[in-house]
2 protein chains.
Amino acid sequence: MPPTKKSTLVLVAERAGVSIASVSRVMNGLPASQQVIERVRQAADELGYVPDATARSLKAGKTDQIALAVADVGNPVYAGMMHEISRVVTKAGYRLVLSSTGIDPHVQIDLLSSLNRGFADGLILSPLRFTEELCVQLRASRLPIVIIGSLPAGIELDNVRADSGRGIALAVDHLVEQGRQRIAFINGPVDTAPGAARLNGYLRALTEQGRPLNADAQVNASDFTYRAGLKAANALLDQTTPDAIVCANDLLAVAAMKVIFKRGLRVPDDIAIVGMDDTDIADLAQPAITSVDLRSTKRARMAAKLLLRRLENPQAPVEQVVIEPKLVVRASSVSGCAEAEL
Amino acid sequence: MPPTKKSTLVLVAERAGVSIASVSRVMNGLPASQQVIERVRQAADELGYVPDATARSLKAGKTDQIALAVADVGNPVYAGMMHEISRVVTKAGYRLVLSSTGIDPHVQIDLLSSLNRGFADGLILSPLRFTEELCVQLRASRLPIVIIGSLPAGIELDNVRADSGRGIALAVDHLVEQGRQRIAFINGPVDTAPGAARLNGYLRALTEQGRPLNADAQVNASDFTYRAGLKAANALLDQTTPDAIVCANDLLAVAAMKVIFKRGLRVPDDIAIVGMDDTDIADLAQPAITSVDLRSTKRARMAAKLLLRRLENPQAPVEQVVIEPKLVVRASSVSGCAEAEL
């Protein structure tokens with residue numbers, strides 16, 4: 001017979017040498033020190049409690065709700081992912097609820113706490129920043145979580161990510177083929193997981209092409225948004241004269257193009273542009289923007305399937321999937337070529 | 001002493017002459033015939049049950065969750081509204097969850113049923129189509145609902161809407177001032193509330209300007225999306241040669257501009273473009289698009305405040321607010337004027 005809720009809490013608290021309230025906090029994913037979390041988990045393990053069963057015994061019941069948390073609901077790449085995830089989980093009888101967290105990890109931590117208090121049965125999270133606190137919360141959480149994006153070391157969760165560093169290399173190699181000499185880079189914040197991966201990709205690709213690394217040719221927007229992109233592009237063009245710009249997503253790319261036009265320059269004749277994510281923004285821009293397709297629909301579908309699998313079988317081995325990017329060439333990076341020919 | 005859950009159901013069922021299951025369905029907002037709904041409501045009224053108290057007695061408890069349902073999460077106007085609503089309700093201690101319903105009213109009806117089963121304390125809904133079934137559900141629902149957008153007759157709910165017909169008139173009058181002769185119109189589906197309001201605005205504005213109404217100059221996209229806009233713009237330009245196009249939102253406007261460029265024509269010299277919603281899309285387009293600002297942030301803020309007021313005081317009188325639009329002029333509608341001058 002499984003232990004009752006009360007006996008679990010009391011026994012674990014005695015074993016861990018912490019208060020019952022602390023055990024309850026850890027079990028519910030509320031903030032607690034790393035030390036307390038580890039003592040509680042060790043005690044629960046020693047007492048032979050299967051973590052997921054323990055967590056479930058503390059939960060009010062199934063919500064039939066899956067939460068999706070993304071950084072910017074205004075970015076069309078997330079809208080597309082939401083549609084795909086919603087399609088997959090609805091078929092399985094779940095309702096999808098969406099939270100937009102911005103790039104502030106505290107909002108994600110609040111969300112994890114809510115989740116652990118039972119507002120959803122599982123979470124698909126696409127965090128931009130992994131702070132130590134967020135990692136602690138992710139490790140402590142007893143509920144199914146799938147991460148879209150790169151994972152820091154020590155986080156063992158189901159995971160789907162694109163090789164965005166490889167994606168940047170595809171962009172750089174294409175621009176070199178087009179004869180571009182001064183390939184600049186507008187990134188998002190480099191203290192985010194995607195920002196760090198993209199920066200590595202850019203530096204590695206230039207090095208492999210035998211190009212010099214020029215600090216002036218790199219700027220970091222304060223966020224992966226259109227508004228932040230306008231500022232970053234102005235800063236870049238104030239300090240250097242590139243003949244090509246690789247941008248860390250399509251919103252930054254369309255912002256760069258806007259700034260280039262405002263300065264009386266042409267795309268692609270004066271400056272070629274490559275974006276990333278291959279959203280409708282790349283297609284609707286004038287000229288249309290060459291973009292690295294990070295296969296967001298496929299990533300979304302796989303993330304949803306991984307979460308459904310985890311909900312069905314909490315003991316399944318952790319699965320981590322890497323999706324290969326591909327380059328979609330449009331008019332913004334190919335001189336002397338009418339848009340219709342691409 | 002208030003009646004218990006069981007006695008309420010039994011007494012109302014006896015009075016209404018319907019089954020206990022039917023009373024339960026109506027109380028929970030599940031699908032039921034209009035006749036059954038009216039008998040149940042009448043019986044509840046005659047027995048002196050305050051509707052909201054009755055509904056609350058059937059609810060498991062407060063969720064601290066507010067639901068927002070919009071037609072297209074990929075449209076930046078909704079992303080902006082979500083941010084503003086989230087800001088207001090978070091301050092009041094609620095978590096906002098978002099559902100994207102598409103233009104299919106059945107998805108909205110499913111959502112209303114979920115809501116009435118207790119997944120949220122209130123709903124802000126921006127429905128595009130009011131079917132008879134959706135109206136029945138809205139009338140039957142016992143939980144706080146605020147509608148963003150026009151309401152059909154007979155629905156008495158808190159409501160915030162923009163005068164989009166007046167917005168179209170601002171666009172038409174501006175184009176007439178700019179000397180445009182053949183002002184075409186790309187609308188969304190006319191069997192939606194915004195589509196109908198915009199069509200009326202267009203027809204009224206042309207008539208007031210003494211212009212002929214030409215059926216060839218009007219096309220309806222199958223949805224208010226970029227992809228639907230591409231098809232609609234091609235259809236329009238296959239059948240007529242306008243020198244200006246008013247578009248029912250910014251996504252349709254940027255699609256029209258894309259099609260115009262593909263045909264080797266210029267904006268604004270050959271065809272002027274005006275969009276609607278004044279989103280980032282209008283600003284990032286090249287040239288930037290003149291757009292009717294329907295004050296989406298203000299509407300969102302007011303909708304959130306109306307819902308919070310309703311949650312606090314279920315008996316407050318229904319409030320309906322109309323927001324006046326304004327025109328934001330950019331380069332897409334003004335010939336011979338550099339973008340920087342606008």
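A:Gln65 is a good place to start in this predicted model: leaving aside residues up to four places away in sequence, A:Gln65 touches A:Tyr94, A:Arg95, A:Val97, A:Phe119, A:Ala120, A:Asp121 and A:Gly122, along with B:Gln65 and B:Phe119 from the other chain. From there we can look at how chains A and B meet, how the two copies are related, and which salt bridges hold charged side chains together.

**Around A:Gln65**
- A:Gln65 sits in strand β1 of chain A, which covers residues 65-70.
- With a relative accessibility of 2%, A:Gln65 counts as buried, because the cut-off for that class is under 20%.
- One of its neighbours, A:Arg95, is also a polar partner: the side chains of A:Gln65 and A:Arg95 are joined by a polar contact of 2.8 Å.

**The interface between chains A and B**
- On each side the contact involves 31 residues, 31 from chain A and 31 from chain B.
- About 2,500 Å² is buried between chain A and chain B, and carbon and sulfur atoms give 57% of that area.
- On the chain A side, the residues that lose the most area to chain B are A:Lys258, A:Leu284 and A:Gln286, which together account for 22% of what that side buries.
- Four salt bridges are counted between the two chains, and a salt bridge joins the side chains of A:Arg227 and B:Asp280, with N to O at 2.5 Å.
- Twelve residue pairs are in polar contact across the interface, both residues being at pLDDT 80 or more.
- Several elements of chain A each supply at least two residues to the side that touches chain B: α5 (76-91), β2 (95-100), α6 (105-119), α10 (226-239), α11 (250-262) and α12 (280-284).
- Strand β2(A) gives the most to that side, with six residues.
- By residue class, the side of chain A that touches chain B divides into 16 nonpolar, seven polar and eight charged residues.

**How the two copies are related**
- A turn of 180° with a shift of 0.0 Å along the axis lays chain A on chain B with an RMSD of 0.1 Å.
- The two copies are therefore related as by a two-fold rotation axis.
- The same surface serves both copies, since 100% of the contact residues of chain A recur in chain B.

**Chain A as a whole**
- Chain A has 13 helices and twelve strands, and buried residues make up 57% of its 342 residues.
- Among contacts in chain A with a separation of 6 or more, 70% come from residues 24 or more positions apart.

**Salt bridges within the chains**
- Over all chains, the structure holds 26 salt bridges.
- In chain A, the side chains of A:Asp278 and A:Arg330 meet in a salt bridge, 2.8 Å from N to O.
- This pair links distant parts of the chain, 52 residues apart: A:Asp278 is in the loop between β9 (272-276) and α12, and A:Arg330 is in the segment after β12 (326-328).
- A:Asp278 counts as partly exposed at 23% relative accessibility, whereas A:Arg330 is buried at 15%.
- In chain B, B:Arg330 and B:Asp278 also form a salt bridge, with their closest N and O atoms 2.7 Å apart.
- B:Arg330 is buried, with a relative accessible area of 15%, while B:Asp278 counts as partly exposed at 21%.
- A:Asp158, A:Arg309, A:Arg310 and A:Glu319 are linked in a network of salt bridges.
- In chain B, the side chains of B:Glu319 and B:Arg309 meet in a salt bridge of 3.2 Å, N to O.

Note on methods
Residues numbered from 1 in each chain as written. Chains lettered and ligands numbered in written order. Heavy atoms only, no water. Contact = heavy atoms within 4.5 Å. Buried area = accessible area lost by both parts, 1.4 Å probe. Polar contact = N/O pair within 3.5 Å; in protein donor to acceptor, adjacent residues only side chain to side chain. Helix = DSSP H or I, 4+ residues; strand = E, 2+ residues; numbered from the N terminus. Nonpolar A, V, L, I, M, F, W, Y, C, P; charged D, E, K, R; others polar. Buried < 20%, exposed > 50% of the residue type's maximum accessible area, 1.4 Å probe, protein only. Least-squares fit on C-alpha atoms with pLDDT ≥ 70 in both.
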